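Here is a friendly briefing to read alongside the model. Take a moment with the fold, then follow the topics below.

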Amino acid sequence: MSQSPTETLQALERGGLSISRLLGPALGLTRDVDNRGLFSVRALSPVRNAVKQQIVDEPRNSPDSYVTALANSKDITQKFNPKYIDDDGSTLDLTGIVNRMDRGYLGHTECGEIRLIYRFHYSVEEKPGQRISSRLPLTLSLVFNAIPASAQIRASKDRPRSANGSCADVAKRWLVAGQKNLEPDQLAAWLRSEEGPLSSAMLNSSQIMRLELNMQVVRLSASSRRDFGGHAEYLLKIFKWDPAKAIFQEAKWRTRSTASWCWPTGKPSKDGCSPIATSMISTVAAW
């Protein structure tokens, strides 16, 4: 299952796969919290701070001259308000579940990973009596070890140790799930049952490995530029779970490279257009 129907995902979220319910035990929370409460807890403060800071910094640091002009512009229509991140009207909705057992070959886990993808949604009161709602191109992927595990604390590695079960057992559960022809609520209930791949025994906070952030921090329409080329810049970061300190820490990567690409022609111009950061993480990609 690479992408579930919306109704099934909503039922799964109600049935225990909300991000607050999944993170709660790892963060030491004893109750469900809303998005504002979630991002105010110490364990997630590095994620919240990184997002807010990048929203503020990106116009100023962008390689695109049209974007840097936004830093001094009084026009706020193309700037995302960082206060929305932890506003009472902001939420993270479950939008996808991905079985990535194929990533086991990398050696970080025995049986690969399971990813739960959440998208940011806000409905906030910009002015008294004026409420605005939208889905922001911001996704958080909560990545789990595919096999039930007890976290093994290592200084620089993130490799939970297998506690029970086998890769074959995990794979079999997913194969059976793909053959189910049930209504959304019934399918969600089976996936969370003792036989399913998303039961509390097969997927829980002890398997959390990291959070992956993919966020659009700047977007310019074609009509706002003289070259009539649309432009967007994205923030890509990984936050590894540190069980010893009970906090998500931003991962640091050694390699970084850039490439130039122009939209819509797909060909570099004499000035190289906007650089695309091709490092895996902790950078901004622009196109």
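A residue is called buried when its relative accessible area is under 20%. By that cut-off, 46% of the 287 residues of the chain are buried. Please keep in mind that this is a predicted model. The chain holds 7 helices and 11 strands.

**The chain as a whole**

- Counting contacts between residues at least 6 apart in sequence, 61% join residues that are at least 24 apart.
- About 15200 Å² of the chain is exposed, and 49% of that area comes from carbon and sulfur atoms.

**Strands E1, E2 and E3**

- Strand E1 (90-100) runs antiparallel to E2, with 10 bridges between them.
- One place to see this pairing is Gly-96, whose bridge partner in E2 is Ile-117.
- Strand E2 (113-127) also pairs with E3, again in the antiparallel sense, over 13 bridges.
- Within that pairing, Arg-119 has Thr-139 of E3 as its bridge partner.
- E2 and E3 make a hairpin with 2 residues between them, and Gly-129 in its turn has a positive phi of about 80 degrees.

**Strand E6 and its partners**

- Strand E6 covers residues 208-220, and 11 of its 13 residues are buried.
- On one side of the pairing list is strand E3 (residues 130-145), joined to E6 by 7 bridges in an antiparallel arrangement.
- Ser-141 is found opposite Glu-212 of E6.
- E6 is also joined to strand E7 (residues 231-242), by 10 bridges, and these two run antiparallel as well.
- Here Leu-213 stands opposite Lys-237 of E7.
- As a reminder for viewing any of these strands, side chains in a regular strand alternate between the two faces of the sheet.

**The nonpolar core**

- The largest nonpolar core is made of 62 residues.
- Ile-97, Leu-116, Leu-142, Met-215 and Phe-248 have the most contacts inside this core.
- Which strand gives the most to this core? It is E6, with 7 residues.

**The disulfide**

- The structure has 1 disulfide.
- Cys-111 and Cys-167 form this link, with their sulfur atoms 1.8 Å apart.
- Cys-111 sits in the loop between E1 and E2, whereas Cys-167 belongs to helix H6 (residues 167-179), so the pair ties together parts that are 56 residues apart in sequence.
- The torsion about the S-S bond is about -80 degrees, and the disulfide is therefore left-handed.
- Are the two cysteines buried or partly exposed? Cys-111 is buried, at a relative accessible area of 2%, while Cys-167 is partly exposed, at 30%.

**Aromatic pairs**

- There are 2 aromatic pairs in the structure.
- Phe-120 and Tyr-122 form a tilted pair, 6.2 Å from centre to centre and with 35 degrees between the planes.
- Both Phe-120 and Tyr-122 are buried.
- Trp-241 and Phe-248 form a tilted pair too, with centres 4.9 Å apart and planes at 55 degrees.
- Why does Trp-241 count as buried? Its relative accessible area is 10%, and the cut-off for buried is under 20%.
- Phe-248 is buried as well, at 0% relative accessibility, and this residue also belongs to those with the most contacts inside the largest nonpolar core.

**Two loop residues to look up**

- Ser-18 lies in the loop between helix H1 (6-17) and helix H2 (19-27).
- Although Ser-18 is in a loop, its relative accessibility is 13%, so this serine counts as buried.
- With which residues is Ser-18 in contact, leaving aside neighbours within four places in sequence? They are Glu-13 and Tyr-118.
- Ala-246 lies in the loop between E7 and strand E8 (247-250).
- Most residues other than glycine have a negative phi.
- Ala-246, in contrast, has a positive phi, near 55 degrees.
- Ala-246 is partly exposed, with a relative accessible area of 32%.

Conventions
Residues numbered from 1 in each chain as written. Predicted model: local features only at pLDDT ≥ 70, side-chain atom pairs only at ≥ 80, totals over all residues. Heavy atoms only, no water. Helix = DSSP H or I, 4+ residues; strand = E, 2+ residues; numbered from the N terminus. Buried < 20%, exposed > 50% of the residue type's maximum accessible area, 1.4 Å probe, protein only. Contact = heavy atoms within 4.5 Å. Areas by Shrake-Rupley, 256 points an atom, 1.4 Å probe, with all protein chains shown as cover. Pairing = 2+ DSSP bridges. Disulfide = S-S within 2.5 Å. Core = buried A, V, L, I, M, F, W, Y, C linked by side-chain atoms within 4.5 Å. Phe/Tyr/Trp six-rings, centres within 6.5 Å; stacked < 30°, edge-to-face > 60°.
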